[in-house]
Amino acid sequence: MARDDLYIAVPSSFRCPISLDVMESPVSLCTGVTYDRASIQRWLDGGNNTCPATMQVLESKDLVPNRNLQRLIQIWLDSVARRQLDADSVRNSAAVPSQNQVKLLVKHLDVNCFSSLTKIICFARESEENREFLAKMDGFFSKVLDLMRNAESGIKIVEHVVKILDLMLTKISDKKPLLETNCLSTILLVLQRGNSDSQIEAVRLLESIAVDGESKLKIGQKEGLVAELVKSLRKENPRLIETSLSFFIAITMPKRIKTVVIQYRIIPGLKYLLSQPNTTTSITEKALELLEELSTCKEGRVEIWHDSVLLGRIAETVLKVSSNATEHAVAILWSGCYLFRDRKAQEAVGSSNGMTKFLLLMQSNCSPAVRQMSGDLVKVLGVNYKLSLSNYDTKTTHIMPC
């Protein structure tokens, strides 16, 4: 891989043995050899039953994702992108361009404009005044949007475009053009193939254009977009996870969007976050806030309240993480156990030592709403506890010898 005076060697283990390209989706055969999924699938679809590298006959044609290697490749790609950007900045942007230079750069933007976009980014980062200047420049956003709409722009170009738009979020008065199918497809491409910084910028961009029910629905119905955002909740990047959670909180107010994100298994993703020992306070708070929002629709209620492990995780956060986390957690548990009297939810919360926590909350200086909900939960869980004791005594009496 060469880029002018910058040469970056590709580790041999990152190359697919068939295509010799850097693997996008590494998968391993039963022989232990790893290939890019697309390449090995074509090999197998061609009727071959051997491992291309070893020529061993395959006992199984199962493809096992090599997630460790995929993570290493992504880290390496992010590093390459940063080194390339740094090299371009040193070579082409030793100083912040002037306003007149930026006008010329914008005037001549085309698909071969990586260095020009790098300079514009440098200019926009410099000050609020520079961002105001770009926002008022005739033709600037139309040029940038043309690059987003152009399928031939390439991932590095569109990453730069997304970065510029992210810097200009507060300056864009009309964001409706970003809801066009081609623009949403470009954002999806960045989420799938961009480096971690670009993915975060793309999610922020989506949140900024989800301003009303119509825009939220259009984003939710874009094929592959919600699925990719749900995947981001399992990536090892706290900033990306937190940004994605903020996006989902902003977008899930309409019931139709709630059902869409639930279909893409967002609730198991939130359960995963609450199960991780190193999850940050902010991520825990946002995960619980989103679960509270999802519990307001029937599909969300059924999935949350009938998952005893998830309810246990929610109950564990009470009095343990923060006052905000406690408030969201209590609201979810109150809705299931008290408001809707769901028996499975009551049993799960009762078995996770919920009663003790709610009694403590009633005596704490928490908000009046949380104190009231805690009192309601103590009542309903206390009744269930007495009923269970009564049933136990009845059964015990029934089996006692005369």
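This is a guided tour of a predicted model, stop by stop, with a selection to make at each one.

**Stop 1: the whole chain**

Start with everything shown as a cartoon. The protein chain holds 21 helices and 5 strands. Now colour by accessibility: of its 402 residues, 47% count as buried. If you like contact maps, draw one too. Among contacts with a separation of 6 or more, 64% join residues 24 or more positions apart.

**Stop 2: the nonpolar cores**

Which residues have the most contacts inside the largest nonpolar core? Select Leu-206, Ile-219, Phe-248, Ile-266, Leu-270 and Ile-314 and show their side chains; these are the ones, in a core of 100 residues. Apart from that core lies another, of 17 residues, with Cys-16, Ile-40, Ile-73 and Trp-76 among them. As background, nonpolar side chains in soluble globular proteins tend to be buried together.

Next, centre on Leu-270. Once neighbours within four places in sequence are set aside, Leu-270 is in contact with Leu-233, Leu-245, Ala-287, Leu-290, Leu-291 and Leu-294. Keep Leu-270 on screen for the next stop.

**Stop 3: α14 against α15**

Select 266-275 for α14 and 281-294 for α15. Their axes are 10 Å apart, and the helices pack at an angle of about 150°. Angles over 145 degrees count as roughly antiparallel, and α14 and α15 are therefore roughly antiparallel to each other. The crossing of the pair is left-handed.

Now show the side chains where the helices meet. From α14 come Ile-266, Ile-267, Leu-270, Leu-273 and Leu-274, and from α15 come Ile-283, Thr-284, Ala-287, Leu-288, Leu-290, Leu-291 and Leu-294. Coloured by class, the residues of this contact divide into 11 nonpolar, 1 polar and no charged.

**Stop 4: α9 and its two partners**

Select 196-209, which is α9, and add α8, residues 181-193. The axes of α8 and α9 come within 8 Å and cross at roughly 145°, and α8 passes α9 in a left-handed crossing. On the α8 side, pick Leu-184, Ile-187, Val-190 and Leu-191; on the α9 side, pick Ser-198, Gln-199, Ala-202, Val-203, Leu-205, Leu-206 and Ile-209. By class this contact has 9 nonpolar, 2 polar and no charged residues. You have already met Leu-206, one of the residues with the most contacts inside the largest core.

Now hide α8 and bring in α7, residues 155-167. Here the axes lie 9 Å apart and the angle is about 50°, which makes α7 oblique to α9. The crossing of α7 past α9 is left-handed. Glu-159, Val-162, Lys-163, Leu-165 and Asp-166 of α7 make the contact with Ser-198, Glu-201, Ala-202, Arg-204 and Leu-205 of α9. How many charged residues does the contact of α7 with α9 have? Colour by class and count: there are 5 charged residues, along with 4 nonpolar and 1 polar.

**Stop 5: two positive phi angles**

Most residues other than glycine have a negative phi. With that in mind, pull up the backbone torsions at two arginines.

Select Arg-265 in the loop between α13 (255-263) and α14. Although not a glycine, Arg-265 has a positive phi of about 65°. Is this residue buried or exposed? Arg-265 counts as exposed, at 54% relative accessibility.

Then jump to Arg-341, in the loop between α18 (323-339) and α19 (343-350). Its phi is near 50°, again a positive value in a residue other than glycine. At 47% relative accessibility, Arg-341 counts as partly exposed.

**Stop 6: two partly exposed nonpolar residues**

Zoom to Ile-18, in the loop between β2 (6-7) and β3 (26-28). Its relative accessible area is 36%, so Ile-18 is partly exposed. Leaving out residues up to four places away in sequence, Ile-18 touches Tyr-35, Ser-39, Ile-40, Trp-43 and Pro-52. Try a distance label from Ile-18 to Ser-39: the C-alpha atoms are separated by 6.5 Å, with the two positions 21 residues apart along the chain.

Finish at Val-309 in helix α17, residues 308-317. Val-309 counts as partly exposed, at 41% relative accessibility. Add a last label to Ala-348: Val-309 and Ala-348 are 39 residues apart in sequence and 7.9 Å apart in space, C-alpha to C-alpha.

Conventions:
Residues numbered from 1 in each chain as written. Predicted model: local features only at pLDDT ≥ 70, side-chain atom pairs only at ≥ 80, totals over all residues. Heavy atoms only, no water. Axes fitted to C-alpha atoms, helices over the stretch in contact; angles between N-to-C directions. Helix = DSSP H or I, 4+ residues; strand = E, 2+ residues; numbered from the N terminus. Parallel < 35°, antiparallel > 145°, perpendicular 65-115°, else oblique. Left-handed = near helix turned anticlockwise from the far one by under 90°. Contact = heavy atoms within 4.5 Å. Nonpolar A, V, L, I, M, F, W, Y, C, P; charged D, E, K, R; others polar. Core = buried A, V, L, I, M, F, W, Y, C linked by side-chain atoms within 4.5 Å. Buried < 20%, exposed > 50% of the residue type's maximum accessible area, 1.4 Å probe, protein only.
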